[in-house]
Protein chains: 2
Amino acid sequence: MWPNTALLDLLGINHPIIQAPMAGATTPALAAAVSNAGGLGSLGCAFMSPERTGEEIAKTMMATNRSINVNFFVHEPPKDDAERNAAAKDQLQPYFDEYNLGDMPDVVPTNFPFDEAMMEVMLELRPRVVSFHFGLPAGHMVEALKQVGIVVLSSATTVREAIILADGGVDAVIAQGWEAGGHRGTFASTMDAARVGTMALVPQIVDAVNLPVIAAGGIADGRGIAAAFALGAAGVQPGTAFLTTEEAATPAVYRKALLEAKDEDTRLTRAFSGRPARGLSNRYIEEMAERQDELPEFPLMNTVTAPLRKASVEAGSPDFVALWSGQAMSLNRSGNAGELLEKMVEESLAIMNG
Amino acid sequence: MWPNTALLDLLGINHPIIQAPMAGATTPALAAAVSNAGGLGSLGCAFMSPERTGEEIAKTMMATNRSINVNFFVHEPPKDDAERNAAAKDQLQPYFDEYNLGDMPDVVPTNFPFDEAMMEVMLELRPRVVSFHFGLPAGHMVEALKQVGIVVLSSATTVREAIILADGGVDAVIAQGWEAGGHRGTFASTMDAARVGTMALVPQIVDAVNLPVIAAGGIADGRGIAAAFALGAAGVQPGTAFLTTEEAATPAVYRKALLEAKDEDTRLTRAFSGRPARGLSNRYIEEMAERQDELPEFPLMNTVTAPLRKASVEAGSPDFVALWSGQAMSLNRSGNAGELLEKMVEESLAIMNG
């Protein structure tokens with residue numbers, strides 16, 4: 001049995017393992033497979049329109065009648081900054097030329113933050129869980145979600161952020177440690193301060209908030225799951241581990257890179273999206289390392305780099321793909337997501353039950 | 001019972017908890033208290049002469065007949081670099097003036113690497129364990145230590161380094177995660193690569209080497225210890241947790257800072273010693289952040305900053321003290337070291353034995 005069952009009733013699941021909502025890599029098939037195996041499957045909807053989000057949720061709900069989680073990014077609208085736009089053009093146009101992609105696209109925001117239209121989709125489709133990254137939307141939105149019985153989660157990268165989220169009404173806090181792949185959820189601490197490893201972060205957040213804590217970062221198999229529970233977590237949210245499952249929308253070149261990578265191969269970069277995120281180092285990350293701070297803000301860069309990322313995938317080259325990955329990727333396995341979840345459960349319970 | 005007992009016979013201890021050898025903060029009383037409580041007490045002898053090292057070991061052996069660990073730094077001799085020396089003068093002289101310390105001392109190496117004279121002390125006094133930081137000394141020295149029955153340990157910050165240490169003949173590998181306080185043990189990977197959190201590092205090293213693995217970084221109470229064993233470690237090496245015990249040589253201003261600090265308060269700096277080390281941010285770390293890369297190599301800076309660090313302690317100010325700390329310092333407790341070790345044992349066994 002799980003040593004901490006606080007999340008099971010709250011989320012309506014059998015096993016306190018949440019497949020992380022990795023925008024761009026999740027699919028209805030992935031989320032449904034995890035939920036059907038007793039965990040919590042997630043859809044990363046950060047870069048989807050309300051219409052597309054509704055379609056993805058509906059597809060997932062057709063494939064499972066269990067709880068699912070839908071994730072959004074929340075952030076201030078980026079500033080339009082001519083100097084930063086020019087820096088992007090200066091740094092990226094040569095890559096566009098290399099791939100015969102013509103002119104770099106103009107810098108215009110195109111992602112969909114969590115707005116009233118998205119709220120309507122949530123209130124209509126009512127996924128069991130809605131989670132946020134980079135903080136929380138306006139208080140009345142959090143309230144409206146909770147009023148219809150939706151469980152609200154968000155990520156903290158420091159104790160300070162966990163306390164802000166608890167005060168903001170979340171039902172549980174995701175403690176995102178330094179090891180985690182993809183975007184750092186940091187929203188209130190400085191990026192220099194918010195580099196706390198999972199081993200240190202989880203118990204300090206457990207001590208600071210009176211809510212269930214979900215550990216994320218560096219957790220890829222039963223050993224990491226059992227470790228998280230020892231630290232006082234009520235659940236875990238592995239992400240990278242699911243990227244090499246059959247159901248994930250991970251391009252072949254990205255899968256190959258993950259399965260060959262080593263613990264020391266990740267770097268933080270803001271060159272892909274405008275916000276720091278952890279991925280496998282590649283040509284783009286290396287070449288942008290020195291001047292990345294000059295680039296436009298999140299999520300402007302995400303739009304700018306989209307054609308390059310796509311062309312790189314199509315060329316079968318990892319050079320310009322955002323190979324988001326946590327630091328424990330060498331523990332990754334292939335296979336299907338439901339089987340992976342079952343293995344994680346077996347392995348961790350075997351450790352915890354001696 | 002401990003789920004992994006590989007270290008107990010190897011090190012001659014009852015509990016697989018090693019008090020980290022923190023140069024400058026350890027004392028014979030601290031090491032003896034930990035060893036007498038069944039753990040492995042350590043002396044950090046990195047900046048001591050062979051004579052002083054012998055005296056410290058003798059004092060510790062008078063206070064305990066249990067195993068003890070003696071730790072050394074190993075590193076290439078630093079280059080004498082006029083430009084770097086000038087940068088140090090330029091950046092630090094104002095601080096020397098502020099404390100009325102006269103001229104900044106000339107940049108001359110004064111620490112004692114692990115040489116033949118130190119070997120003689122080891123072979124004469126024969127501590128049960130000798131551990132190294134920044135790699136290993138020459139192969140014939142490792143051999144000579146092992147031939148008289150001394151157990152040899154060293155720290156790895158990546159899987160690559162763990163494999164090098166295993167090939168170099170260590171009896172167990174210390175996996176030093178990103179969270180750890182004090183000097184990063186990195187010796188073969190780049191500093192940018194060697195930022196792997198404990199949660200990710202430990203299982204990947206466990207899978208890569210056929211030796212007991214000792215987890216370090218972010219471990220401060222029974223939760224962290226139980227988590228490390230879940231990850232596959234055979235032991236743990238907490239450091240910061242012992243800095244606020246009565247027996248540690250931690251100045252009052254440093255103790256106060258540790259007991260008030262929060263998870264997000266540490267930074268890496270090379271401005272104190274010349275090598276990156278994790279400590280609580282203070283005025284010196286902040287003001288040196290931008291230009292620290294210009295400073296002389298390790299351990300030259302350690303000598304240069306010594307008068308400043310001393311004066312700051314004497315003035316009761318944290319501004320120029322090297323407040324080495326890991327990221328879990330808010331879990332620190334006061335009291336004596338033997339009691340802390342007993343609490344750690346009780347807490348972790350309670351978690352692991354359900």
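Between which two helices of chain A does the loop that holds A:Pro299 lie? The answer is given in point 5 below, after the overall fold, the interface and two helices of this predicted model.

1. Overall fold. Chain A is built from 14 helices and ten strands. Its C-alpha atoms occupy a box of roughly 55 × 45 × 40 Å along the principal axes. The radius of gyration of chain A is 19 Å, which agrees with the value near 20 Å for a compact globule of 354 residues. Of the 354 residues in chain A, 60% are buried. Where contacts in chain A join residues at least 6 apart in sequence, 67% of them link residues at least 24 apart.

2. The interface and its symmetry. Contact between the chains involves 39 residues of chain A and 39 residues of chain B. On the chain A side, helix 7 (159-167), helix 8 (198-208) and helix 9 (222-230) each give two or more residues, and helix 8 of chain A provides the largest share, six residues. By class, this side of chain A comprises 17 nonpolar, 14 polar and eight charged residues. A turn of 180° with a shift of 0.0 Å along the axis lays chain A on chain B with an RMSD of 0.0 Å; this is therefore the relation of a two-fold axis. In chain A, the C-alpha nearest the axis belongs to A:Ala227, at 1.9 Å from it. Both copies use the same surface, since 100% of the contact residues of chain A recur in chain B.

3. Helix 9 of chain A. This helix is mostly covered, with nine of its nine residues buried. Among them are A:Arg223, A:Ile225, A:Ala227 and A:Phe229. Just after helix 9 of chain A, A:Gly232 adopts a positive phi of about 110°.

4. Helix 14 of chain A. The 16 residues of this helix (residues 337-352) should span 22 Å at 1.5 Å a residue, and the end C-alpha atoms are indeed 22 Å apart. Its buried residues are A:Ala337, A:Gly338, A:Leu340, A:Leu341, A:Met344, A:Val345, A:Ser348, A:Ile351 and A:Met352. Because they cover an arc of only 165° around the axis, they lie on the same side of helix 14 of chain A. A:Glu346 and A:Ala350, on the other side of helix 14 of chain A, are exposed. The buried residues of helix 14 of chain A pack against helix 2 (28-36), helix 9 and helix 10 (240-243) of chain A, and also against helix 9 (222-230) of chain B. Just after helix 14 of chain A, A:Gly354 has a positive phi of about 65°.

5. Cis peptide bonds. A:Pro299 lies in the loop between helix 12 (283-288) and helix 13 (300-314) of chain A. The peptide bond from A:Phe298 to A:Pro299 is cis, with omega near 0°. In chain B, the bond from B:Phe298 to B:Pro299 is likewise cis, with omega near -5°, and B:Pro299 lies in the loop between helix 12 (283-288) and helix 13 (300-314) of chain B.

6. Positive phi outside glycine. B:Asn100, although not a glycine, has a positive phi of about 50°. This residue sits in the loop between helix 4 (82-98) and helix 5 (116-125) of chain B. B:Asn100 has 7 other C-beta atoms within 10 Å and is therefore exposed. B:Phe134, also not a glycine, has a positive phi of about 75° and lies in the loop between strand 3 (129-133) and helix 6 (139-147) of chain B. B:Phe134 counts as buried because it has 21 C-beta neighbours inside 10 Å.

Notes. Residues are numbered from 1 along each chain as its sequence is written. Chains are lettered from A and ligands numbered from 1 in the order in which they are written. This is a predicted model: local features need pLDDT of at least 70, side-chain atom pairs count only at pLDDT 80 or more; totals for chains, interfaces and linings use all residues. Two residues are in contact if their C-beta atoms, placed from the backbone, lie within 7 Å. Helices (H or I, at least four residues) and strands (E, at least two) are DSSP runs, numbered from the N terminus. Ala, Val, Leu, Ile, Met, Phe, Trp, Tyr, Cys and Pro count as nonpolar, Asp, Glu, Lys and Arg as charged, and the others, Gly among them, as polar. A residue is buried if 20 or more other C-beta atoms lie within 10 Å of its own, exposed if 12 or fewer, and partly exposed in between; C-beta atoms are placed from the backbone. Copies are superposed by least squares on the C-alpha atoms of residues with pLDDT of at least 70 in both. The expected span of a helix is 1.5 Å times one less than its number of residues. The arc is that of the directions from the helix axis to the C-beta atoms. The radius of gyration is taken over C-alpha atoms; the globule rule is 2.2 Å times the number of residues to the power 0.38.
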